[in-house]
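This report looks at charged side chains and how they pair.

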Amino acid sequence: MKLYYMTGAGSLASHIALEWAGAAYETVRMTRSRLQAPDFVALNPMGTVPVLVHGGLCLTESVAILAYVADRHPDAMLWGGDADRTGRAETLQWLAFMNSEVHKAFGPIFYPERYRFGEAGAAAVESVARSLVRRLLARLEHRMADRVWLSGDRSIADAYLFVMLRWALTTKIGLAQFPRLAACLRRLHEDRGVRAALAVEEGLGAIAADARGLAREAEGLAGALAAEIVGSVEYREGEGVPQEIRRGAVELAVGAADVVISWSDEQYRGQAAMPVELFRRYVSDGAIRV
């Protein structure tokens, strides 16, 4: 199998599912500019990822790819622990909800200029979209009451959920109002398959981890540094509630008093600032690797 993916995109769900299935596969990293290359458009005329090629089969939609991976690897039990009609139906229900509701709701946040209508500016469009995402996250928060996975045991729906929750942190919507979802995201970040997929997509293995030594020398740092958020790291904007930075690759700009943490992918760029003393504490505790 060959998976075409793009960092920050929904293709991460398919990547995770392939890891969970124990499938033999290879990956092709795409950039936004390469999505319109003739050879890729020949595979997917829509110019989007994910695309999964397996022999003569070419699949271009996340739900189809996830279902195909689950069906091809029944021993991985990615239909919620079993493949009976109930487990499969519940998993498909939440896949559909993520794909048609939650995923779609992020569109105006990633690309507000595409959704302008009449006199409504991009900022107004994005604000409405953020409110909608929070309402959809509230439904998922309710679903996670007294359960660990969306449907039975771990399923392909949870791989999709991981991406949606990570987007909530990436776009600074946050999960402070949704403690069950926040706990779910932290748990999934510790999953071996999730870590393996992120390592490929973000090159996390290339980041050095001499964290404690850095904590003692933080005052001497200058310029931009590559780092990885591996634990719970919070920031606060103004008088707002603390928000968590999404785990993964980031860039640091260390000043005399503050550290600016920036994250970006093919869809979104964000940043947060914190005092140097707080940054040093996170590094010393191992939550930030530099």
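The text below covers salt bridges and one buried acidic residue without such a bridge.

The model is predicted, so local features are taken at pLDDT of at least 70 and side-chain atom pairs at pLDDT 80 or more, while totals for chains, interfaces and linings use all residues. Residues are numbered from 1 along each chain as its sequence is written, and side-chain values use heavy atoms, with hydrogens and water left out.

**Salt bridges**

Side chains of opposite charge can pair when their charged atoms come close. Here a salt bridge is a side-chain nitrogen of Lys or Arg within 4 Å of a carboxyl oxygen of Asp or Glu. The count by this rule is 10 salt bridges. The table gives three of the pairs.

| Acidic residue | Basic residue | N to O distance |
|---|---|---|
| Glu 90 | Arg 143 | 3.7 Å |
| Asp 191 | Arg 154 | 3.1 Å |
| Glu 244 | Arg 186 | 3.9 Å |

Helices (H or I, at least four residues) and strands (E, at least two) are DSSP runs, numbered from the N terminus. Arg 143 forms its salt bridge with Glu 90. Because Arg 143 lies in helix α6 (residues 122–143) and Glu 90 in helix α4 (residues 85–105), the pair ties together parts that are 53 residues apart in sequence. Relative accessible area is classed as buried (under 20%), exposed (over 50%) or partly exposed (in between), using a 1.4 Å probe and protein chains only. Arg 143 is buried at 18%, whereas Glu 90 is partly exposed at 29%.

Asp 191 and Arg 154 meet through their side chains. Asp 191 lies in the loop between α8 (179–189) and α9 (192–202), and Arg 154 in the loop between α6 and α7 (156–170), so this bridge ties together parts 37 residues apart in sequence. Asp 191 is buried, with 15% relative accessibility; Arg 154 is partly exposed, with 24%.

Glu 244 bridges to Arg 186. This pair links distant parts of the chain, with Glu 244 in strand β7 (residues 243–244) and Arg 186 in helix α8, 58 residues apart. Glu 244 is buried at 13% relative accessibility, and Arg 186 is partly exposed at 33%.

**A buried glutamate without a salt bridge**

Glu 201 lies in helix α9. Glu 201 is buried yet has no salt bridge, and the nearest side chain of opposite charge, Arg 166, is 6.7 Å away. For charge, Lys and Arg count as positive and Asp and Glu as negative; His and the chain ends are not counted. What joins the side chains of Glu 201 and His 15? A polar contact of 2.8 Å does; the term covers a pair of N or O atoms within 3.5 Å, where within protein one must be able to donate a hydrogen and the other to accept it, and residues adjacent in sequence count only if both atoms are side-chain atoms. Leaving aside neighbours within four places in sequence, Glu 201 is in contact (heavy atoms within 4.5 Å) with residues including Tyr 5, Leu 12, His 15 and Arg 29.
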